[in-house]
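Me: Hey, can you walk me through this protein? I'd like to hear about its empty spaces too.

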Amino acid sequence: MHLAIESLPATGAPEQLVLLLHGVGSGGAALAPLAQALRDEFPQAALLAPDAPLPFDGGTAGRQWFSVQGVDEANRPERVAEALPPLWQWVRAEQRRLGVGAQATAIAGFSQGAILALETAAQCDGLAGRVLAFSGRFARLPAKAPRLTTLHLFHGSADAVIDAAHAQRAFDTLAGLGGDATLDLADGLGHTLHPALLERAIYRLRHHIPARTWAEAMGAAPAGVLREDDDETLH
């Protein structure tokens with residue numbers, strides 16, 4: 001995959017790896033604001049934003065991870081499943097190239113990219129330590145929660161492309177399965193990478209301690225969803 005953004009530390013080896021997956025009909029360069037926000041906070045991170053491998057079939061010059069022509073609830077999981085193995089192969093290759101392990105890797109996606117990020121967490125648990133899903137959804141709600149990946153969900157309450165109800169259902173499902181997830185809903189925001197959501201993403205990366213880390217510290221206590229109720233909705 002062509003890298004639209006490759007931002008490496010000014011000096012020294014990368015300590016973290018963040019992979020940024022764009023939305024349908026777009027390209028990796030569209031995630032420059034997210035890349036810059038992460039660069040400002042994590043100067044030793046390697047930040048990579050590829051262009052999706054498929055040309056957009058909507059008639060413009062953008063790219064796509066899978067076709068959305070005729071997509072529905074029945075065929076979406078199959079389309080996503082076809083897109084995942086090449087993505088996973090690429091993630092592993094970049095981890096080897098840059099010398100960064102899985103638990104120091106985060107996958108952040110917007111819209112269609114968020115769908116792939118969430119399904120990666122569900123189907124390839126532990127490929128990344130964290131997933132940040134902006135304005136996304138699961139192709140199919142998981143039957144079991146990831147144990148090695150923490151999921152952070154960010155969504156605008158007025159999203160007319162992917163309804164915020166998908167994010168709420170995802171969080172509730174993960175909670176019921178004993179997963180490790182957070183949810184931030186931004187009042188009045190639509191389908192956009194708004195600065196308010198970027199700010200919350202930085203907060204989550206800085207302050208959320210994964211449940212598995214707590215479990216190890218407490219002698220392998222069972223993992224559970226950690227939710228800060230007074231921080232879940234942005235105003």
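Reply: Sure, we'll start with the overall build and then go on to the spaces and two residues. It's a predicted model, where local features need pLDDT of at least 70, side-chain atom pairs count only at pLDDT 80 or more, and totals for chains, interfaces and linings use all residues. Residues are numbered from 1 along each chain as its sequence is written, and side-chain values use heavy atoms, with hydrogens and water left out.

Me: How many helices and strands has it got?
Reply: There are six helices and ten strands. Those are DSSP runs numbered from the N terminus: H or I with at least four residues for helices, E with at least two for strands.

Me: And why call it compact?
Reply: Because its radius of gyration is 17 Å, close to the 18 Å that the globule rule gives for 235 residues, so the protein is as compact as a globular protein of that length. The radius is taken over C-alpha atoms, and the rule is 2.2 Å times the number of residues to the power 0.38.

Me: What share of the residues is buried?
Reply: Buried residues make up 51% of the 235. Buried means under 20% relative accessible area, exposed means over 50%, and partly exposed is in between (1.4 Å probe, protein chains only).

Me: OK, holes. How do you even find them?
Reply: Rolling a probe the size of a water molecule over the atoms shows where empty space is left. On a 1 Å grid over the protein atoms alone, a cavity is a set of points where a 1.4 Å probe fits but cannot get out. A pocket is an open set with protein on both sides within 12 Å along at least five of seven lines, and lining residues have an atom within 4 Å of a point. Points are joined across faces, edges and corners, and a volume is the space filled by probe spheres set on them.

Me: So how many cavities of 30 Å³ or more?
Reply: One. The largest cavity has a volume of about 30 Å³, and its lining includes Leu118, Phe154 and His166. Strand S8 (150–156) and helix H4 (164–176) each supply at least two lining residues.

Me: What about the largest pocket, how much space is in there?
Reply: About 380 Å³. Of the 22 residues that line this pocket, the closest to its centre are Val24, Ser111, Gln112, Val161 and His191.

Me: And the second largest pocket? Which element gives the most to its lining?
Reply: That's S2, with three residues. The second largest pocket has a volume of about 210 Å³. Of its 14 lining residues, the closest to the centre are Gln16, Ala104, Ala106, Arg130 and Leu205.

Me: New topic: is Arg76 buried or exposed?
Reply: Arg76 is buried, with a relative accessible area of 12%. It lies in helix H2 (residues 76–98). Leaving aside neighbours within four places in sequence, Arg76 is in contact with Val71, Arg137 and Ala139, where contact means heavy atoms within 4.5 Å.

Me: Where does Gln123 sit?
Reply: Gln123 is in helix H3 (residues 112–123). This residue is partly exposed, with a relative accessible area of 44%. Not counting residues up to four places away in sequence, Gln123 touches Leu84 and Trp88.

Me: How far is Gln123 from Pro146?
Reply: Their C-alpha atoms are separated by 8.2 Å, and the two are 23 residues apart along the chain.
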